[in-house]
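Q: I'm new to this structure and would like a close look at one part of it. Could you pick a single helix and walk me through how it sits among its surroundings?

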Amino acid sequence: MLTSNFLFCTFCLVAGGGTSAGFVAFITLLGVFEKLSEKYKALNKRTTLEILIILGVTWGNSVNLFGIPIPLGYWGYAFFNLIGGIFTGCLAGALAETLAIFPILSRRFSIRDWLPYILVAVAFGKAIGSLAQFFYLP
């Protein structure tokens with residue numbers, strides 16, 4: 001029993017870390033770091049911006065994972081939501097700019113024939129993950 005619980009916890013931590021790394025890689029691929037550093041004329045401080053975003057993702061995952069209460073008050077939550085909205089806007093803008101690339105890549109790498117299979121695999125993975133979360137997690 002102890003071994004299975006340990007393996008389950010290890011799997012969950014690795015999966016969460018992989019998801020976080022995938023998210024950071026996704027926003028890096030979209031060019032959010034470059035666009036923010038250009039917008040604020042801080043090209044020489046891009047590494048600092050990347051470190052701060054990665055620390056923010058790590059902190060947010062830790063708060064969510066361990067259920068740490070954050071006593072912010074009314075204005076603290078308003079500020080937190082404002083910052084989250086700004087980040088979501090930056091992410092949406094960067095994603096809108098990169099959507100024009102996908103048709104070119106699908107033709108260039110000739111994945112159009114495999115696209116239905118990829119979509120079915122993603123749908124099955126999402127369904128299995130949702131069922132596992134529904135039945136196995138309290």
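A: Let's take helix 3, residues 46–66, in what is a predicted model. Helix 3 has 21 residues, and at 1.5 Å a residue they should span 30 Å. The C-alpha atoms at its two ends are 30 Å apart, so the expected span and the model agree.

Now look at which of its residues are hidden. The buried residues of helix 3 are I53, V57 and V63. Because they cover an arc of only 130° around the axis, they lie on the same side of helix 3. A general point helps here: an α-helix has 3.6 residues a turn, so residues three or four places apart point the same way. Turn to the other side of helix 3, and you will find T47, L55, L65 and F66 exposed. Just past the end of helix 3, G67 has a positive phi of about 65°.

What lies over the buried residues? The cover includes helix 1 (2–30) and helix 2 (32–39). Those two helices pack against each other at an angle of about 55°, and their axes are 5 Å apart. Since angles from 35 up to 65 degrees fall between roughly parallel and roughly perpendicular, helix 1 is oblique to helix 2. Where they meet, I27, T28 and L30 of helix 1 are in contact with V32, F33 and E34 of helix 2.

One of the buried residues of helix 3, I53, also belongs to the largest nonpolar core. That core has 7 residues in all: I27, L30, V32, F33, L36, I53 and L91. Helix 1 and helix 2 each give it at least two residues, and the largest share, 3 residues, comes from helix 2. In soluble globular proteins, nonpolar side chains tend to be buried together.

To see how helix 3 is linked to this core, follow L36, which sits in helix 2. L36 has a relative accessibility of 17%, and since buried means under 20%, L36 counts as buried. Setting aside residues up to four places away in sequence, L36 touches L49, I53 and C90. I53 is thus a good residue to find on your screen: I53 is buried in helix 3, is part of the core and is in contact with L36. The contact with C90 reaches far along the chain: L36 and C90 are 54 residues apart in sequence, while their C-alpha atoms are separated by 8.1 Å.

Terms used
Residues numbered from 1 in each chain as written. Predicted model: local features only at pLDDT ≥ 70, side-chain atom pairs only at ≥ 80, totals over all residues. Heavy atoms only, no water. Helix = DSSP H or I, 4+ residues; strand = E, 2+ residues; numbered from the N terminus. Expected span 1.5 Å × (residues − 1). Buried < 20%, exposed > 50% of the residue type's maximum accessible area, 1.4 Å probe, protein only. Arc of directions from axis to C-beta. Contact = heavy atoms within 4.5 Å. Core = buried A, V, L, I, M, F, W, Y, C linked by side-chain atoms within 4.5 Å. Axes fitted to C-alpha atoms, helices over the stretch in contact; angles between N-to-C directions. Parallel < 35°, antiparallel > 145°, perpendicular 65-115°, else oblique.
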